[in-house]
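I set out to look up the disulfides of this chain and to note where their cysteines lie. My entries follow the structure.

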Amino acid sequence: MKITSRHTVGLTLLGAVMLTACGGSDNGDNRGTLLEAPQLLATVTAAQVDAGTASSGLQPISGKAKCDVQVISLNYATVGVNQEETNSSGVMLVPAGTCASNSLPLVAYAKGTDVQKPRTLANPNDSETFLLMAMYAAQGYAVVATDYLGFAKSTYSYHPYLHADSEASSVIDSIRAARRTASSRNINLSGKVMLAGYSQGGHSSFAAQRAIERDLSGEIGVVAGAHLAGPYNLSGSFKLTDAIAGYQFFVPYLVTSWQKAYGNVYSNVNQAFKAPYASYIENLLPSPTLNYTTLVTSGTLPGGPGVTPNQARDAVFQPAFITDSQTNPNNALFQAAKRNDLLGWNPKARTLLCGGAGDPTVPPAVHRDVAQADFSSRGLTNVTSADVDPQVQAAFGVGGRAPTDPTSAAFATYYGNYHGVYEPPFCHAAARAVFDALK
């Protein structure tokens with residue numbers, strides 16, 4: 001897709017900080033302050049969005065675009081795991097053209113698990129950014145999406161993966177940054193905020209909803225949350241005896257992140273990891289150079305054809321470390337997981353939990369269904385669930401059905417793409433249906 005682009009003249013970092021600080025802070029500190037002048041990176045026309053959705057097959061799900069979309073880069077102040085001052089970058093997608101004068105609801109989005117440290121969503125050619133354009137911004141929603149701590153322009157020393165409080169801070173402060181950007185660029189936000197996220201982002205957006213409703217309801221008016229294929233029951237996931245798809249990426253990422261955040265997940269890296277991985281695993285993710293494919297093809301992590309999730313797990317981790325996390329309720333990893341579960345509270349806004357029953361990476365039976373049962377047990381009727389597995393099977397299965405032969409190429413393709421490619425658009429469509437009723 002060819003995209004028209006024009007750049008604004010940036011202020012110096014010091015000048016931008018002084019400029020934004022003069023207006024004061026909504027929350028009594030610098031959180032959400034713009035550390036650089038937001039830059040208009042590109043304007044994507046509705047026709048260009050339609051060309052992209054038509055060629056990718058997304059258009060029957062997204063619908064045709066109603067608006068042009070401005071892509072604006074952000075760099076804003078936030079806080080780290082211990083409330084220390086730091087920064088995150090991100091993107092704001094703003095309906096333009098015939099939609100420019102509209103009063104816009106704001107969707108605050110959290111991305112899925114990312115292993116590429118330089119990647120930013122402030123890139124009109126990024127596939128996740130384009131999905132947000134097609135599903136939300138081109139349909140009349142302003143969108144803000146954080147890159148998280150430790151990515152792109154963030155100077156934070158690591159990414160606190162699936163650390164609920166810092167994920168929530170990154171999302172909340174992106175909303176504040178978006179509001180400042182809107183004020184400086186005459187963008188008319190309605191004040192209504194919707195929260196959404198996919199995969200890790202579903203955990204992040206749900207953590208943000210919990211934090212906002214608990215502490216910031218007077219500042220941020222959340223009218224809905226749509227949390228898509230997220231791992232809400234992390235402690236329950238550590239009880240599973242079989243490894244999830246992608247275990248060799250996600251679980252080492254999680255273990256080393258929580259070790260940095262809490263300091264007690266293991267006493268020595270060799271207690272948790274086998275050689276050769278123990279020698280570099282703590283600083284592997286996110287990677288400055290490697291992606292999911294090259295992590296495996298380079299031999300940095302196990303995987304590839306014929307390697308099962310259980311085999312990948314057993315290649316990376318010490319068996320005693322895994323067994324203790326599965327069986328010992330006082331295990332430090334299990335206790336860290338419990339600290340980052342998103343159960344046992346009462347969402348106030350309209351809330352959707354979406355996922356596909358066939359998801360091999362974030363199984364809904366472990367996460368969505370457990371969370372739904374938890375909320376329903378307290379009589380909450382504002383939390384509902386959606387299963388998009390029938391749509392995934394119809395669109396991508398063999399003859400409209402999920403393949404059943406685990407030795408077949410079709411099986412490998414279907415389940416290899418389920419979580420990352422097939423499931424997201426259908427869950428976003430379910431999210432937008434909720435948002436459209438409340439915007």
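I counted two cysteine sulfur atoms within 2.5 Å as a disulfide. The model is predicted, so I kept to the rule that local features need pLDDT of at least 70 and side-chain atom pairs pLDDT 80 or more, while totals for chains, interfaces and linings use all residues. Residues are numbered from 1 along each chain as its sequence is written, and side-chain values use heavy atoms, with hydrogens and water left out.

Entry 1, overview. I found 2 disulfides in the structure. Counting bonded cysteines along the chain, I recorded the pattern 1-2, 3-4.

Entry 2, cysteine 67 and cysteine 99. I noted that these two form a disulfide with their sulfur atoms 2.0 Å apart. The torsion about their S-S bond is about -80 degrees, so I entered this disulfide as left-handed. Cysteine 67 sits in the loop between α3 (59-62) and β2 (68-79), and cysteine 99 in the loop between β3 (85-96) and β4 (104-110), so the pair ties together parts 32 residues apart in sequence. I took helices (H or I, at least four residues) and strands (E, at least two) as DSSP runs numbered from the N terminus. Cysteine 67 and cysteine 99 are both buried, meaning under 20% relative accessible area (1.4 Å probe, protein chains only).

Entry 3, cysteine 354 and cysteine 427. I found a disulfide here with the sulfur atoms 2.1 Å apart. Its S-S torsion is about -85 degrees, so this disulfide is left-handed. The pair links distant parts of the chain, 73 residues apart: cysteine 354 belongs to strand β8 (residues 350-355) and cysteine 427 to helix α16 (residues 409-436). I recorded cysteine 354 and cysteine 427 as buried.

Conventions:
Buried means under 20% relative accessible area, exposed over 50%, partly exposed in between (1.4 Å probe, protein chains only).
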